[in-house]
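I opened this chain to see how it is put together. My entries follow the order in which I looked things up.

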Amino acid sequence: MYYCNQFLEIVMALASMLWFIALLLFALYYNFVCSFIRVLLENVYDKIDADLLPDDLENLFLEYGNIARCMRSVDEHFSLPVFLAVFFTMAGLFWSGYRIAFYPGDTNIYYLSLIISPTFYLSVQLLILVSASITNELANKVKCVIQCLPYKNFLQDPQRRFTFKKNLNQDNSLTLWKVYAMDRSLIIACLGTLLTYGILIGTLGKDT
């Protein structure tokens, strides 16, 4: 029985380690994708400030349309995994904070183990939310500038004009499961929700 318990503890430790590694790798990969999209958007924004010929401006419109389709494709494939990642990091933060508040230990090693978990979850959550929020802000900035350009005078092909106008009018944002477009206010809302419910449960614990 003792060896079975030891084996189960080892299996659970390995499973937790694999979960942490998988979550971190996903956050890093998503951050890399967002960084790549920002590079493309910044390239378009820099070209707008330059003196462009009509042919260059038409290519700029087509390039922006490709970026818009890329963002929608990324959101189509990653909106649900990002939502689950943010949900589990919030649950991990809440549970870690609950353990720190209600299960204090006597040794420094125990406190260190309690601090590592919320630090990891908070880092992963911020890595996802901050990167996506900055990308959405830059995408909206470029979109506003593109809308001010006289694209109807440069896109002579009706099919190209229709495709570009469709890409311009669609919502090209990175979202959480297509429910909420990620922005900076979402970061404050997530942390505020954890703090509010933590104080609520802590107060209820003291009353009982």
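These notes go from the overall fold to rings, core, empty space and one loop.

**Entry 1: fold**

I am working with a predicted model. I started with the secondary structure and found five helices and two strands. Read from the N terminus, the order is α-α-α-α-β-β-α. I then looked up burial for the chain as a whole. Of its 208 residues, 33% count as buried.

**Entry 2: the record**

I checked what UniProt lists. An unreviewed entry there gives "transmembrane region" for residues 6–30, 78–97, 109–130 and 186–205. I took one of these stretches, 78–97, and looked at it in the model. Residues 78–97 are 100% helix and 0% strand. The C-alpha atoms at the two ends of that stretch are 28 Å apart.

**Entry 3: aromatic pairs**

Next I looked for ring pairs. The count comes to 11 aromatic pairs. I picked Tyr29 and Phe78 from the list. Their ring centres are 5.9 Å apart and their planes meet at 40°, so I note this pair as tilted. The stacked class needs planes under 30 degrees apart and the edge-to-face class over 60.

Which helices does this pair join? Tyr29 sits in α1 (residues 2–49) and Phe78 in α2 (residues 54–102). The two residues are 49 apart in sequence, so the pair ties together separate parts of the chain.

Are the two partners buried or exposed? Tyr29 has 45% relative accessibility and counts as partly exposed. Phe78 is at 18% and is buried. The cut-off for buried is under 20%.

I then turned to Phe83 and Phe87. This pair is stacked, with 6.5 Å from centre to centre and 20° between the planes. Both residues lie in helix α2, four residues apart, so about one helical turn separates them. Phe83 is partly exposed at 28%. Phe87 is also partly exposed, at 49%.

Phe83 and Phe87 belong to an aromatic cluster as well. Its members are Trp19, Phe83, Phe87, Phe88 and Trp177. I marked Trp177 for a later entry.

**Entry 4: nonpolar core**

I looked up the largest nonpolar core and found 42 residues in it. The residues with the most contacts inside this core are Tyr30, Leu41, Val82, Ile128, Ile146, Leu174 and Met182. Helices α1, α2, α3, α4 (158–169) and α5 each give two or more residues to the core. The largest share comes from α2, with 13 residues.

**Entry 5: pocket**

I moved on to empty space. The largest pocket has a volume of about 340 Å³. Its lining is made of 16 residues. Leu93, Gly97, Tyr98, Leu194 and Gly198 are the ones nearest the pocket centre.

Which helices supply the pocket lining? I find at least two lining residues from each of α2, α3 (108–148) and α5 (184–207). Helix α5 gives the most, with eight residues. I also sorted the pocket lining by class: 12 residues are nonpolar, four are polar and none is charged.

**Entry 6: cavity**

How many cavities of 30 Å³ or more does the structure hold? I find one. The largest cavity has a volume of about 60 Å³. Residues that line it include Leu41, Tyr64, Ala68, Met71, Ala139, Asn140 and Lys143. Gln170, Asp171, Asn172 and Ser173 are also among the lining residues of the cavity.

Leu41 turns up here again, having appeared among the core residues with the most contacts. Helices α2 and α3 each supply at least two residues of the cavity lining. By class, I count five nonpolar, four polar and two charged residues around the cavity.

**Entry 7: the β1–β2 loop**

Last, I went back to Trp177. Where does Trp177 lie? It is in the loop between β1 (175–176) and β2 (180–181). Its phi is near 55°, a positive value in a residue other than glycine. Trp177 is partly exposed, with a relative accessible area of 47%. Trp177 is also the loop residue I had marked from the aromatic cluster.

Lys178 is in the loop between β1 and β2 as well. Its phi is near 60°, again positive in a residue other than glycine. Lys178 is partly exposed, at 48%.

Key. Residues numbered from 1 in each chain as written. Predicted model: local features only at pLDDT ≥ 70, side-chain atom pairs only at ≥ 80, totals over all residues. Heavy atoms only, no water. Phe/Tyr/Trp six-rings, centres within 6.5 Å; stacked < 30°, edge-to-face > 60°. Buried < 20%, exposed > 50% of the residue type's maximum accessible area, 1.4 Å probe, protein only. 1 Å grid on protein atoms, 1.4 Å probe; cavity = no way out; pocket = protein on both sides within 12 Å on 5 of 7 lines; lining within 4 Å. Points joined across faces, edges and corners; volume = space filled by probe spheres on them. Nonpolar A, V, L, I, M, F, W, Y, C, P; charged D, E, K, R; others polar. UniProt positions renumbered as here; feature names shortened; annotations may be inferred. Core = buried A, V, L, I, M, F, W, Y, C linked by side-chain atoms within 4.5 Å.
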